[in-house]
Every structure is written in C-alpha cells, then in structure tokens.
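Please work through the exercises below with the sequence and the model side by side, and try each task before reading its solution.

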Amino acid sequence: MSALAGKIALITGATRGMGRAIALRFAREGARVAVAARRIAAAEALAGEIGDAALALTLEVTDTAAWDAAVAAVDARWGQLDILVNCAGITEQGTTEETSLESWRRLFAVNLDGPFHGCRAALPLMKRSGQPGSIVNVSSVFAQRPMPGFAGYSTSKAALTSFTKVLALECAAAGLPIRVNSLHPGGTETEMLEQALADTGLPREEAYAHFSAIHPMGRMGKVEEVAEACLWLASDASSFTTGQELNVDGASAIRP
Ligand SMILES: NC(=O)c1ccc[n+]([C@@H]2O[C@H](COP(=O)([O-])OP(=O)(O)OC[C@H]3O[C@@H](n4cnc5c(N)ncnc54)[C@H](OP(=O)(O)O)[C@@H]3O)[C@@H](O)[C@H]2O)c1
C-alpha cells in the first residue's frame with residue numbers, strides 16, 4: 001500500500017523548491033495535498049499538475065487569519081487533516097552588526113511565527129479525527145551549526161527546532177497521536193540557495209564550491225532527497241519518532 005494512502009496533507013512553501021518536491025512526492029504516495037504559498041497562480045499550476053488530489057491555497061504564513069482560512073478550506077474539501085509540513089521560509093544574510101531589526105523580525109516572522117501560527121491553526125482539525133498525525137517543521141543545519149553571517153536566519157531556525165520539541169512533548173503529554181519533528185537540510189539546490197550564492201558576491205562556481213565544502217559528502221543536496229526524508233517523517237513508518245531532528249545534509253552538522 002502507498003505510504004500516505006488516505007492521508008490529507010497541508011504543505012506551505014509549495015510553489016517551488018523543497019515544498020514543491022514534497023507535495024509531488026506525497027501525492028505520488030497516495031496523499032491528498034493542499035499546496036499553499038503566496039503566489040496562488042503558481043500553487044494552482046502545481047495543483048493542476050497533481051490533479052484531483054490537490055487543492056491550491058493562497059497563504060501568507062505570517063497572517064493568522066489566512067491560516068484559519070486555509071485550514072477551513074481543507075476542512076471544507078476533505079473534512080480531515082493528518083499532516084502539516086511547515087516548509088515556507090526565507091533567508092537574509094548578515095552578521096549581528098549588519099542585521100537590521102527589520103531583517104531580524106522578518107526572518108522570525110516567517111521562519112518561526114509562521115510555523116507557530118500554522119500549528120495553532122491546524123491542531124484542532126488534526127486532533128478531530130483521532131487518527132495518527134504528523135507535523136514536520138523544515139528547519140536547517142544552521143540551527144545546529146550556526147553560520148556566521150546568517151545571524152537572524154540561524155537563530156530563527158534554532159528557535160523553530162526548540163518550538164518543535166516543545167510541541168512534541170505537549171502532544172505526547174496530552175496523549176495525542178500527533179508527532180512533531182524537525183527536518184534539517186544542508187545546502188539544497190533551490191532558488192533560495194541560488195540567492196545565497198549570489199549574495200556572496202563571488203562568481204557562482206566559486207560560491208558553489210565554497211558552500212559545497214561545508215558538506216563532508218562534498219556536494220549540495222537535491223530537493224528529492226529532502227522530500228524522501230520528509231515522507232518518512234510524515235508517514236506512519238516513523239510512528240515512534242517525535243521531537244527529533246532529522247538531518248539531510250551530507251554530514252554538514254557533524255563536520256569536523
Ligand atoms: N535551500 C537550502 O539550501 C535550504 C537549506 C536549509 C534549510 N532550508 C529551508 O527549507 C525551506 C524551503 O527552502 P527552499 O530552498 O525550498 O526555498 P525557496 O525555493 O525560496 O521557496 C520558498 C517557498 O516559500 C514560500 N514563501 C516564502 N515566504 C512566504 C511567506 N511569507 N508566506 C508563505 N509562503 C512563503 C515561497 O512561495 P511564494 O513566493 O509563492 O509565497 C516558496 O514556495 C525553508 O524553510 C528554508 O529555510 C533551505
């Protein structure tokens with residue numbers, strides 16, 4: 001049987017990069033997927049690619065009312081929610097001295113408050129079925145190995161990792177069959193990575209080599225590799241795993 005047969009998933013940041021790969025992987029595994037992001041045309045294009053098993057939603061993750069509307073739309077369409085993947089995220093570079101308060105707050109608003117709003121909005125519907133549920137918060141290897149020059153980003157992702165563990169413990173203590181884990185990609189080939197490479201000011205190949213070097217496996221990751229790990233965390237195959245950090249990072253977090 002397919003790993004996600006009968007499951008309903010809501011995935012943020014689904015219009016490109018990892019979120020898109022996760023949505024496609026989940027759909028292939030039998031899930032019905034709500035694909036959410038700010039650009040509704042791109043979400044609709046992805047939903048069109050997937051077919052009847054997809055629902056396109058417009059969602060700004062910092063907006064609590066938008067979250068309520070997104071969860072209500074899933075309820076109206078499928079009457080159930082089993083999986084929430086908080087994948088939407090942004091990065092902005094800067095040392096502590098270089099980082100403006102506005103940048104710091106933007107990073108926290110999207111990378112930390114977004115998943116917080118999402119969990120608060122989704123939990124009542126996830127609880128209603130009494131069925132096993134899974135929340136996956138997409139963090140980063142920089143949460144575990146903070147990177148100088150990514151002050152706000154590293155810190156927001158570390159806070160997201162901590163929030164993930166708190167919610168996992170809360171769900172377990174309440175006897176809920178809902179697991180909550182964080183996924184920690186290393187450098188992964190997406191538009192976000194391209195932007196980070198461009199922001200170094202170095203020629204692309206030089207910047208790519210520089211970033212690759214912090215991965216002991218000597219390369220960046222692919223979105224499909226992240227999607228595969230996310231699938232495991234989302235599915236009942238990981239039924240006794242909660243409050244954990246799963247790295248998809250070519251050993252970057254434990255590099256010497
Ligand atoms: N790529 C890497 O090397 C890397 C490494 C470690 C961790 N990560 C994390 O992995 C996640 C996915 O990264 P990615 O590389 O796939 O990023 P990406 O290519 O930049 O895609 C980001 C996605 O998030 C959506 N988004 C951004 N801001 C949003 C907001 N305020 N509200 C709702 N949606 C928003 C974007 O869609 P719209 O523009 O349509 O809203 C887009 O679909 C992020 O959390 C990132 O921090 C990435």
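The exercises that follow treat strand pairing, a helix contact and two single residues.

The model is predicted, so that local features need pLDDT of at least 70 and side-chain atom pairs count only at pLDDT 80 or more, while totals for chains, interfaces and linings use all residues. Residues are numbered from 1 along each chain as its sequence is written, and side-chain values use heavy atoms, with hydrogens and water left out.

**Exercise 1.** Describe how strand β2 is placed with respect to β1 and β3.

Solution. Begin with the elements themselves, where helices (H or I, at least four residues) and strands (E, at least two) are DSSP runs numbered from the N terminus. Strand β1 (residues 8–12) runs parallel to β2 and is joined to β2 by five bridges, two strands being paired if DSSP finds at least two bridges between them. Within this pair, L10 is opposite A34 of β2. Next, five bridges also link β2 to strand β3 (residues 54–58), again in parallel, and here A36 has L57 of β3 as its bridge partner. Then follow the connections: β1, helix α1 (residues 17–28) and β2 form a right-handed β-α-β unit, as do β2, helix α2 (residues 40–50) and β3. Right-handed means that, with the strands pointing away from the viewer, the path from the first strand over the helix to the second runs clockwise. Finally, consider burial in β2 (residues 32–37), of whose six residues five are buried (under 20% relative accessible area, with exposed over 50% and partly exposed in between, for a 1.4 Å probe and protein chains only).

**Exercise 2.** Determine how the axes of α6 and α7 are arranged, and which residues meet.

Solution. The axes of helix α6 (residues 191–199) and helix α7 (residues 204–212) come within 9 Å and cross at roughly 110 degrees, which makes the two helices roughly perpendicular (65 to 115 degrees; under 35 counts as roughly parallel, over 145 as roughly antiparallel and the rest as oblique). On the α6 side the contact (heavy atoms within 4.5 Å) involves E194, A196 and L197, which meet R204, A207, Y208 and F211 of α7.

**Exercise 3.** Is T190 buried or exposed, and what does T190 contact beyond its sequence neighbours?

Solution. First locate T190 in the loop between β6 (178–185) and α6. Its relative accessibility is 15%, so T190 counts as buried. Once neighbours within four places in sequence are left aside, T190 is in contact with G17, M18 and V223.

**Exercise 4.** What is the phi of A251?

Solution. A251, in the segment after β7 (245–248), has a positive phi of about 75 degrees although it is not a glycine. Most residues other than glycine have a negative phi.

Conventions: Axes fitted to C-alpha atoms, helices over the stretch in contact; angles between N-to-C directions.
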